[in-house]
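Here is a chain to explore, with a ligand to find along the way. Have the sequence and the 3D view side by side, and let's walk through it.

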Amino acid sequence: MERLQKVIAHAGIASRRKAEEMILEGRVKVNGNVVKELGRKVTSSDQVEVDGVKIEGEEPVYFLFYKPRGVISSVEDDKGRKVVTDFFRKVEQRIYPVGRLDYDTSGLLLLTNDGEFANWLMHPSNEIDKVYVAKVKGIPSREKLISLARGVMLEDGKTAPAKTKLLNVDKRKDTAIVEITIHEGRNRQVRRMFEAIGHPVLKLKREKYGFLTLNGLRTGEIRELTHHEVKQLRVLAMKKS
Ligand code: URA
């Protein structure tokens with residue numbers, strides 16, 4: 001579901017503000033009926049007309065991006081820092097990230113212009129596994145990793161069960177590499193979980209999103225999802241919602 005003015009803007013007809021004016025002027029119809037409220041939401045199956053002409057939505061596109069560290073998961077930044085869409089200059093569609101990775105986190109990020117699809121994937125009921133590899137300070141004990149897996153209390157509540165695996169330890173540097181799989185998507189969740197067990201994250205990378213991996217991509221690289229992958233993601237998202 002998207003706001004009517006956003007759909008009109010995305011179709012390239014007018015800016016969002018101009019689209020609002022068009023709605024208020026009674027120039028926009030949804031499924032044959034004039035709509036004058038700005039709050040109206042529509043889906044891709046609703047027929048939208050502007051001045052009697054049916055609008056065609058932008059062709060939906062779906063990308064997998066290997067986000068480098070030091071990039072904001074946003075389409076613009078008021079401080080002028082690098083944003084993910086800087087890597088998509090050749091893409092004409094107005095894409096945006098599905099969820100976010102922190103500025104300092106690298107790894108797998110999806111981008112699309114399909115709002116409905118993005119909302120499905122981000123819905124909390126869609127328990128899509130995300131696999132992260134974290135380099136942490138200190139070497140967490142088995143008990144601490146078990147407590148992480150069972151769920152830890154954070155300021156916004158207890159985390160859902162996770163999976164953890166100790167991949168490597170560096171006794172000399174007193175650091176460890178831990179793989180953690182979670183399906184929630186709270187703000188800075190992995191960092192806060194490790195903080196809660198006394199092993200702050202030094203480096204974080206998202207390796208997997210559902211069945212998708214970073215295989216074949218180097219940092220900063222992009223690939224389009226295949227038709228089949230998009231379908232599989234839809235199935236994954238629908239199963240739980
Ligand atoms: N958890 C975090 O702490 N940071 C991310 O970027 C993603 C998950």
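Let's start with one residue and its neighbours. Setting aside residues up to four places away in sequence, Thr164 touches Leu145, Leu148, Ala149, Glu179 and Ile180. Keep in mind that this is a predicted model. Where does Thr164 sit? You'll find Thr164 in strand β13, which runs over residues 163-170. One of those neighbours, Leu145, also has a polar link to Thr164: the side chain of Thr164 reaches the backbone oxygen of Leu145 at 3.3 Å. Try picking out Val133 as well: it is 31 residues from Thr164 along the chain, and the two C-alpha atoms are separated by 9.7 Å. Is Thr164 buried, exposed or something in between? Thr164 has a relative accessible area of 23%, so it counts as partly exposed, given that buried means under 20% and exposed means over 50%.

**The whole chain**

Now zoom out. The chain has six helices and 17 strands. Its C-alpha atoms fill a box of roughly 70 × 35 × 35 Å along the principal axes. Of the 241 residues in the chain, 44% are buried. The chain exposes about 13,500 Å², and carbon and sulfur atoms supply 48% of that area. What about contacts along the sequence? Take the contacts between residues at least 6 apart in sequence: 63% of them join residues at least 24 apart.

The domain assignment splits the chain into domain 1 (2-54), domain 2 (62-125 + 215-240) and domain 3 (130-209). Notice that domain 2 is written as two stretches of sequence. The centres of domain 1 and domain 2, taken over C-alpha atoms, are separated by 26 Å. Their contact takes six residues from domain 1 and four residues from domain 2.

**Around the ligand**

Which residues surround the ligand? They are Leu101, Asp102, Thr105, Tyr132, Arg188, Gln189, Val190, Arg191 and Leu204. By class, this shell has four nonpolar, two polar and three charged residues. Why does the ligand lie between two domains? Because domain 2 (62-125 + 215-240) and domain 3 (130-209) both give residues to the shell. The largest share of the shell, three residues, comes from helix α5 (residues 189-196).

The table shows polar partners of the ligand.

| Ligand atom | Protein partner | Distance |
|---|---|---|
| oxygen | Thr105, N or O atom in the side chain | 3.0 Å |
| oxygen | Arg188, polar backbone atom | 3.3 Å |
| nitrogen | Val190, polar backbone atom | 3.1 Å |

How much of the ligand does the protein cover? On its own, the ligand has 240 Å² of accessible area, and the protein covers 95% of it.

**Helix α5 and its surroundings**

Look at helix α5 again. In α5, Gln189, Val190, Arg191, Met193 and Phe194 are buried. What do the buried residues of α5 pack against? Their partners are β9 (105-112), β10 (130-137), α4 (142-150), β11 (153-154), β14 and β15 (201-209). After α5 comes Gly198, with a positive phi near 80°.

Arg191 deserves a click of its own. This residue of helix α5 has a relative accessible area of 12%, so it is buried. Its side chain and that of Asp102 are joined by a polar contact of 2.9 Å. Neighbours within four places in sequence aside, Arg191 is in contact with Asp102, Asp104, Thr105, Val201 and Leu204. Asp102, Thr105 and Leu204 are also among the residues around the ligand.

**Two residues with positive phi**

Arg188 is in the loop between β14 (175-182) and α5. Its phi is positive, about 50°, although Arg188 is not a glycine. At 43% relative accessibility, Arg188 is partly exposed. You met Arg188 earlier: a polar atom of its backbone is 3.3 Å from an oxygen atom of the ligand.

Asn31 is another non-glycine residue with a positive phi, near 50°. Asn31 is found in the loop between β2 (28-30) and β3 (33-34), and its relative accessibility of 42% makes it partly exposed.

Conventions. Residues numbered from 1 in each chain as written. Heavy atoms only, no water. Near = heavy atom within 4 Å. Polar contact = N/O pair within 3.5 Å; in protein donor to acceptor, adjacent residues only side chain to side chain. Areas by Shrake-Rupley, 256 points an atom, 1.4 Å probe, with all protein chains shown as cover. Helix = DSSP H or I, 4+ residues; strand = E, 2+ residues; numbered from the N terminus. Nonpolar A, V, L, I, M, F, W, Y, C, P; charged D, E, K, R; others polar. Domains from an automatic or database assignment. Buried < 20%, exposed > 50% of the residue type's maximum accessible area, 1.4 Å probe, protein only. Contact = heavy atoms within 4.5 Å.
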